[in-house]
Amino acid sequence: QVRLVESGGGLVQAGGSLRLSCVASGRTFSNYAMGWFRQAPGKERVFVAAINWSGSSTRYAASVKGRFTISRDNANNTVYLQMNSLKPEDTAVYYCAAYQTAGWGAVDSWGQGTQVTVSS
C-alpha cells in the first residue's frame with residue numbers, strides 16, 4: 001500500500017480557487033495512476049479526477065470538467081488538484097487515491113481527506 005497525505009483544503013468563497021496537494025510514499029510513485037474523490041455530507045464518495053502514471057492522460061467527472069485540473073510531479077511524489085470557479089456544491093471532504101496500476105483500475109490506497117468548504 002501507499003501512504004497518502006493531503007493538504008490545501010479550506011474555506012473559500014464561491015468563484016474562488018484552491019489547490020490541493022497529495023504526497024505519496026511507500027511505493028514507486030511513477031508506477032501507478034492517481035486520483036481525487038470527494039464525499040459530501042450524507043452522500044457517497046464519488047470520483048472527481050484521475051491521472052495516469054506519466055501525466056499524459058487525465059479523466060474528470062462531468063461536474064468539474066473545465067474547472068478542475070489534475071496534475072502530478074513524479075520527481076516529488078506529489079499529485080495536485082487545481083480547483084477554479086468553485087461552487088457551493090463542491091463542498092466536500094476530498095480524498096487522494098492511488099490506483100493499483102499505471103492506468104485505470106481499482107483504488108488500493110486512500111488519504112485521510114481534506115475539507116473543502118465553498119461559501120455562497
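Ala, Val, Leu, Ile, Met, Phe, Trp, Tyr, Cys and Pro count as nonpolar, Asp, Glu, Lys and Arg as charged, and the others, Gly among them, as polar. The views below show a predicted model.

**Figure 1. Lining of the largest pocket.** The volume of this pocket is about 150 Å³. Its lining is made up of R38, Q39, A40, K43, E44, V46, P88, E89, T91 and A92. Sorted by class, the lining has four charged, four nonpolar and two polar residues.

**Figure 2. The largest nonpolar core.** This core has 28 residues. Within the core, M34, W36, V79, L81, M83 and Y94 have the most contacts. Two or more core residues come from each of the strands β3 (18-25), β4 (34-39), β5 (45-51), β7 (68-73), β8 (78-83), β9 (92-99) and β11 (114-119).

**Figure 3. A second core.** Separate from the largest core is another one, made of five residues. Among them are A33, F37, A50 and A97.

**Figure 4. The salt bridge between R27 and D108.** Side chains of opposite charge can pair when their charged atoms come close. The structure holds three such salt bridges, and in one of them R27 meets D108 at 3.1 Å, N to O. R27 is in the loop between β3 and β4, while D108 is in strand β10 (residues 107-110), so the pair ties together parts that are 81 residues apart in sequence. R27 has a relative accessibility of 27%, so it counts as partly exposed; the partly exposed class lies between the cut-offs of 20% and 50%.

**Figure 5. The salt bridge between R38 and D90.** The closest N and O atoms of R38 and D90 are 2.9 Å apart. R38 belongs to strand β4 and D90 to the loop between β8 and β9, so this pair ties together parts that are 52 residues apart in sequence. Both residues, R38 and D90, are buried.

**Figure 6. The salt bridge between R67 and D90.** In this pair, the closest N and O atoms are 2.7 Å apart. R67 sits in the loop between β6 (58-60) and β7, and D90 in the loop between β8 and β9, so the salt bridge ties together parts that are 23 residues apart in sequence. R67 has a relative accessible area of 11% and is buried. D90 counts as buried because its relative accessibility is 0%, and the cut-off for buried is under 20%. Through shared partners, salt bridges join R38, R67 and D90 into one network.

Definitions and conventions: Residues are numbered from 1 along each chain as its sequence is written. This is a predicted model: local features need pLDDT of at least 70, side-chain atom pairs count only at pLDDT 80 or more; totals for chains, interfaces and linings use all residues. Side-chain values use heavy atoms; hydrogens and water are left out. A nonpolar core is a set of buried Ala, Val, Leu, Ile, Met, Phe, Trp, Tyr and Cys residues joined through side-chain atoms within 4.5 Å. Buried means under 20% relative accessible area, exposed over 50%, partly exposed in between (1.4 Å probe, protein chains only). Helices (H or I, at least four residues) and strands (E, at least two) are DSSP runs, numbered from the N terminus. A salt bridge is a side-chain nitrogen of Lys or Arg within 4 Å of a carboxyl oxygen of Asp or Glu. On a 1 Å grid over the protein atoms alone, a cavity is a set of points where a 1.4 Å probe fits but cannot get out, and a pocket is an open set with protein on both sides within 12 Å along at least five of seven lines; lining residues have an atom within 4 Å of a point. Grid points are joined across faces, edges and corners, and a volume is the space filled by probe spheres set on the points.
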